[in-house]
Amino acid sequence: MGSEVPDEGRVPVAGDSPHRAIVAAVRDADGSLHVEELADRLVRRDTILVETAEYEDEFDRAKLELHHNHLPKLADAGLVEYDSEANVVTDGTPSASAVDWEGARDIPALVTELRSAVEPDADEIGILEGREAVIEYGRRLADEAEEELFCMYVDTDLLEEECLRRARNAIDRGVDMCMGSGNPAVRELTREELPEATIWEPQLDWLNRPTYPRVGRLVIADRRQVMLAVLEEPTDDGAYPAETAVVGEGEDNPLVVLVRELLGARLDHLDYQSTDFRSELST
Amino acid sequence: MTDHADRDDRSAPGLSARESALTYRIDDGEPPSEAVVRAIASLTNTPVLDLEPLYEVVDPNHLDGVLGSDAPGVEEATVTIAFGGCRVTVTRDEVRVQVRTPEAD
């Protein structure tokens with residue numbers, strides 16, 4: 001990072017770990033923090049300290065860098081406020097860049113790592129809140145699929161009549177439809193409603209987690225658009241459980257790359273697997 | 001951090017009792033920006049947190065970017081700034097600090 005030169009008025013935050021860690025530590029402290037306290041937290045977080053002398057060196061250096069470089073820089077960007085005379089740092093007022101950063105915060109660390117490996121214009125990742133928004137986006141993907149629609153649903157509750165109709169339309173357009181579920185009811189419903197669809201049973205742990213929050217639905221259109229929705233634990237009042245989805249578009253989008261990686265060969269060897277699976281069903 | 005700072009005798013007029021200049025050798029791996037702060041802190045006997053942030057004068061990353069470069073053309077580079085009431089001259093190897101006084105300016 002030594003030679004990193006920020007653009008005018010912009011501070012690299014999401015990809016720049018010291019800045020990101022600093023802003024996170026200040027936010028976690030809710031309120032204000034003395035530079036020495038902040039330096040102590042950052043050093044303890046980053047290093048497994050064996051010797052006191054090593055800690056003192058790191059602490060001393062962190063303090064210097066915070067006061068003379070990082071904090072005034074982050075203050076310029078509006079991400080923190082820094083009183084350089086009292087050496088007190090407080091959470092900044094939200095700015096456009098801070099809001100962007102907040103969005104990035106919820107994405108799994110793996111996605112952040114992938115960010116650096118892809119084209120900058122292909123790394124937009126969106127967050128959808130609530131069942132309605134998730135359903136709407138899922139329908140859009142079904143409508144936009146040209147060759148392949150790959151789905152995974154954990155429950156028939158999530159497969160509304162309208163979703164099935166859109167899937168039907170896609171199949172009629174010549175789109176290859178795959179439906180996966182660990183839930184026999186979903187597979188049964190798909191067999192009845194969408195007989196042309198390839199049905200698969202996920203073997204992957206991350207798709208079969210019995211505890212909440214868990215992956216509720218996954219929709220991949222043409223291997224270049226992804227929606228991964230996570231369900232919170234259902235409440236007793238019969239309302240739909242809270243649902244949040246991460247969405248990404250584009251072949252090099254980090255979320256799309258991540259999901260393709262996680263599914264791995266499954267996407268390509270599905271036909272082979274489903275033949276097995278089907279013959280098992282027919283016996 | 002005064003162990004490798006050599007105070008010299010070129011005291012400015014009017015500052016007889018105290019050293020007014022110092023040469024600080026930059027350690028291997030020590031960013032030049034950090035050396036500047038430590039040199040000033042040492043000469044003025046001021047804790048690093050009580051100095052004005054170096055960022056207000058020059059972006060430390062820019063300073064480190066220029067002087068930390070391995071490019072042969074940078075060997076002779078010298079950067080001079082006014083910081084912490086001192087005139088500070090930085091090269092790849094050392095920081096020379098001189099307290100600024102009306103006479104000296």
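In the predicted model, A:I125 has A:G248 of β10(A) as its bridge partner. A second position in the pairing of these strands places A:I127 opposite A:V246 of β10(A). Altogether, β4(A) and β10(A), the latter comprising residues 243-249, are joined in the antiparallel sense by five bridges.

On strand β9 of chain A (residues 225-231), seven bridges connect to β10(A), and these two strands also run antiparallel. Here A:V246 of β10(A) is the bridge partner of A:L228. A:V246 thus stands opposite A:I127 and is also bridged to A:L228. Burial is extensive in β10(A), with five of its seven residues buried.

These strands belong to an open sheet of seven strands in chain A, ordered β4-β10-β9-β8-β5-β6-β7, with mixed pairing. Its edges are formed by β4 (125-129) and β7 (198-200) of chain A, each of which pairs on one side only. From one strand to the next, the twist averages 15 degrees.

For the complex, the predictor reports an ipTM of 0.82 and a pTM of 0.47. Chain B has a mean pLDDT of 82, with 79% of its residues at 70 or more. Within chain B, helix α1 (residues 32-44) has the highest confidence, at a mean of 95, and strand β1 (residues 5-7) the lowest, at 52. Over residues 8-17 of chain B, pLDDT stays under 50, and the model has 17 contacts beyond four places in sequence for this stretch. Where pLDDT is low, predicted coordinates should not be read in detail.

Conventions. Residues numbered from 1 in each chain as written. Chains lettered and ligands numbered in written order. Predicted model: local features only at pLDDT ≥ 70, side-chain atom pairs only at ≥ 80, totals over all residues. Pairing = 2+ DSSP bridges. Helix = DSSP H or I, 4+ residues; strand = E, 2+ residues; numbered from the N terminus. Axes fitted to C-alpha atoms, helices over the stretch in contact; angles between N-to-C directions. pLDDT = per-residue confidence, 0-100. Contact = placed C-beta atoms within 7 Å. Buried ≥ 20, exposed ≤ 12 C-beta atoms within 10 Å, placed from the backbone.
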